[in-house]
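The following exchange concerns one protein chain. Please consult the sequence and the coordinates shown here.

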Amino acid sequence: MWENELFDERVVRIEKPTSHFTLLRALNGYFLGASEDGIGTFDHVDDKAIWDKVDGANAYRHVVSSLVLDAEMSGEGCILRQDSIALAGDGSLSGEGAIFVPKHGPAELPSVYLTRFQENGWVAVPSILDAETIEELERASCTGRWDSETYDRSKLALTESAAVARAAAEPVTLWLIRQYMGTHEIRLGHSPSFAVLEKDDGQRDVQGWHSDYPYLWGIAGRNGSTNGNWIRTHQVAELVMGVQRNLCVSEFRKENGATAFKLGTHTRGEGPPDEWGTGVIYREKGYRAKHGLPYNGPEADVLEAPAGTYIIYDSRLWHRAGVNRTDKKRAAMLQAVIPMYIMPFMDTSEPYKKFINSPLVNELTELEQQEFQSIMLNKIVGPRGHFAITVDDELTELVQQPAGY
């Protein structure tokens, strides 16, 4: 029973920010920013797209350059002016007076988060999603105010709420991952999915220590061995073939099953030891009931964070799901991110088609639709142009036949 377990992991607490910067978004979803070339709109969010509301005035100050734009409120948005000249939708000074919508931004500059990510192999971007989006994700995952409802694991998260795709298209963390991986061409290894952790009964099977896709250290691979590495252990820390991007839909706390890590292990080039209780060991049905929980002593770390926080980390980092000892369900939205040259863990084309054929797609901005397509579709470029790569049903049936057929 877990009442007799140590639960002595070190707690690393990410506090909820007291203030956030602002993103100024054009109606097509592009972000207003300022650079050496002047004001313009951009399809990504780095430091040049970060603004701050000026206290006591209807104005926004560009955080990096200190440029100030006056704002005239118009419905849910505003018309922005520089030296009395209104900005167009592309950020140019045309006098057209296009509408820009102030949106919830990060608490710190993206470059600050990137430095932490590169130095530590993980970073938390606290409360990066606004309260409305989080509430929608709670509804879709049957947590928070909807905790009494039963979560149906067979349902596709994408078709439950447009907030799933909108959260997946969150621009700050996408920029961080692209910078960390050294490529703009990133994909999701599987469709965004909810991990809903219910109250533990002291007997049910739990997740063992492992590294995430595409490494899968500590999880049985094709050869069925204990180590089971799909990608062999190596010491090339500069080559990043996977980043895990987990959204805290619920507040993450030690007692409700926040993820446990062994921070710093992304540079070791090897998976967790068997004595910690690896994923392949704990995959054996009933193993937890007989042997107790995987390692949960002081050499491990539990990251606590407020709802709406993205925790992104190098996929080589050892970790496991926590144990929920509360009466409320805990939810996360999981996304394995890979460069385009790595085969996805699961086919994302069918879930994507179901989403774009639903009315939910119309709730996204033009840029959100573009970004979501770019991370959901695996493409190849050849002399005849762009082609989507997907699963072939006939060939899938062939490879699923027993050997010798």
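The questions and answers below address salt bridges and helix packing.

User: What is the basis of the values, and how are residues numbered?

Analyst: This is a predicted model, in which local features need pLDDT of at least 70, side-chain atom pairs count only at pLDDT 80 or more, and totals for chains, interfaces and linings use all residues. Side-chain values use heavy atoms, with hydrogens and water left out, and residues are numbered along each chain as its sequence is written, from 1.

User: Is Glu9, the salt-bridge partner of Arg320, buried or exposed?

Analyst: A salt bridge requires a side-chain nitrogen of Lys or Arg within 4 Å of a carboxyl oxygen of Asp or Glu; Arg320 and Glu9 meet at 3.1 Å, N to O. Buried means under 20% relative accessible area, exposed over 50%, and partly exposed in between (1.4 Å probe, protein chains only). Because its relative accessibility is 6%, Glu9 counts as buried.

User: Which residue does Lys199 pair with in a salt bridge, and how far apart are the closest N and O atoms?

Analyst: Lys199, at 40% relative accessibility, is partly exposed. Its partner is Asp327, the closest N and O atoms being apart by 2.8 Å.

User: Are H7 and H8 roughly parallel or roughly antiparallel?

Analyst: Helices are DSSP runs of H or I with at least four residues, numbered from the N terminus. H7 and H8 (residues 366–376) pack with axes 10 Å apart, at an angle of about 160°. Angles under 35 degrees count as roughly parallel, over 145 as roughly antiparallel, 65 to 115 as roughly perpendicular and the rest as oblique. H7 is therefore, relative to H8, roughly antiparallel.

Terms used:
Axes are lines fitted to C-alpha atoms, for helices over the stretch in contact, and angles run from 0 to 180 degrees between N-to-C directions. Helices (H or I, at least four residues) and strands (E, at least two) are DSSP runs, numbered from the N terminus.
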